[in-house]
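Open the model in your viewer and keep the sequence panel in sight. The stops below are meant to be selected in order.

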Amino acid sequence: YPVVIVHHLSATISLSKINGMKLDEPLRILLVGMTGAGRSATGNTILGEKVFKSELSSSSVTKQCEKNNATVNGRNVLVIDTPGLFDTSLTKDEVINRIKLCIPLSAPGPHVFLVVVQLGRFTDEEAEAVRIIQAVFGEESSTYTMALFTHGDRLKGRNIHKFVRNSPKLLSFIKTCGGRFHVFNNEENNPEQVNQLFEQIDKIVTGNGGQHYTNEMLDREKEFEAEKGHILKENEEQRQKKTETLRVTSEGEAFEKAKEKLDSEYEQQARWQAEKNVRMQNGGFSFLNNVITFFQKKLKS
């Protein structure tokens, strides 16, 4: 396991509440995104301190989970930086496993997953980043996800909403983040951009009933994925036969599109069935335990 670096800057105590959470409870922000997107610089901008190492590099400067906290505008804020997705010096699985290790650092769980993207450098890999995050943390994580664009100075006065609408790929990416996004200029010391980010995160927290993402959600996702793997394995022979039929009836790009659609349908069906199976199993065990407990109490009395 990688070494975890932890820094503590300051804390604040308050008994009042905001959006269902106590003000003395840290607002927990987990940063994820591509290598070079500006996650560490974003963490520094949020906390108002240069606590995360940030530099231009082809490989991720952050090799392990790192967290820092500070009092920002009278509010305790905790930021967790994660290794960059598609890091040239790590395999995809290594990065995913290291990101999973960041969840305990944000215990009892992050209020938001901030997907950090460089403005003007949106690629298929950036779009894949959100899919990886949702694959790692589950579909439940989508209600805790928000996009954050760095290098806001590149807009040169243009409206960010118009900028997004003019890019179908970017618009599709934003939709996977629940339509939530914000822009940072990490080179500019502007507290207002941080205040606006907190306002958006508060809306997410409110929308989630003051709740945060939990380890239980992550464990549940692991169960879903394991069950989905079993279902896909059972249906593999049938899927292969349908693929061969497609190969006979189509070719080239038409075949690739038809195969992609078929694979997607099998994935979605397996996922739906996996969730149903796991919930039935867990519900069944819960019901059985309740029955056993009831009779044990009866025998004791």
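The tour goes from the whole chain to one strand, then to the cores and an aromatic pair.

**Before selecting anything**

This is a predicted model, in which local features need pLDDT of at least 70, side-chain atom pairs count only at pLDDT 80 or more, and totals for chains, interfaces and linings use all residues. Residues are numbered from 1 along each chain as its sequence is written, and side-chain values use heavy atoms, with hydrogens and water left out.

**Whole chain**

Show the chain as a cartoon: ten helices and nine strands make up its secondary structure. Helices (H or I, at least four residues) and strands (E, at least two) are DSSP runs, numbered from the N terminus. Of the 301 residues, 43% count as buried, where buried means under 20% relative accessible area, exposed over 50% and partly exposed in between, with a 1.4 Å probe and protein chains only. Among contacts (heavy atoms within 4.5 Å) with a separation of 6 or more, 74% are between residues 24 or more positions apart.

**Strand β6**

Select residues 75-81, which are strand β6; seven of its seven residues are buried. In a regular strand, side chains alternate between the two faces of the sheet. Here Arg75, Val77, Val79 and Asp81 point one way, and Asn76, Leu78 and Ile80 the other.

Which strands pair with β6? Add residues 27-33, strand β4, which runs parallel to β6 and is joined to it by five bridges. Then add residues 66-72, strand β5, which runs antiparallel to β6 with seven bridges. Two strands pair if DSSP finds at least two bridges between them. For registration, find Arg28 opposite Leu78 and Asn68 opposite Val79. The hairpin of β5 and β6 has two residues between the strands, and Asn73 takes a positive phi near 55° there.

Now select Asp81, in β6. Is Asp81 buried or exposed? Asp81 has 0% relative accessibility, so it counts as buried. A polar contact of 3.2 Å joins its side chain to that of Arg39; such a contact is a pair of N or O atoms within 3.5 Å, where, within protein, one must be able to donate a hydrogen and the other to accept it, and residues adjacent in sequence count only if both atoms are side-chain atoms.

**The cores**

Select Val115, Phe137, Phe149, Ile160 and Phe173, which touch the most other members of the 37-residue largest nonpolar core. Helix α4 (residues 124-137) gives the most to this core, with seven residues. A nonpolar core is a set of buried Ala, Val, Leu, Ile, Met, Phe, Trp, Tyr and Cys residues joined through side-chain atoms within 4.5 Å. Centre on Phe149: leaving aside neighbours within four places in sequence, its contacts include Val117, Leu119, Val164, Leu170 and His182. A second, separate core of 25 residues includes Leu27, Leu31, Met146 and Phe198.

**An aromatic pair**

The structure holds four aromatic pairs. Rings of Phe, Tyr and Trp (its six-membered ring) pair if their centres lie within 6.5 Å; planes under 30 degrees apart count as stacked, over 60 as edge-to-face and the rest as tilted. Select Tyr144 and Tyr213: their ring centres are 6.1 Å apart and their planes at 80°, so the pair is edge-to-face. Tyr144 is in the loop between α4 and β8, and Tyr213 in the loop between α7 and α8, so the pair ties together parts 69 residues apart in sequence. Tyr144 is buried at 6% relative accessibility, and Tyr213 is buried at 0%. Finish by adding Phe113, which forms one aromatic cluster with Tyr144 and Tyr213.
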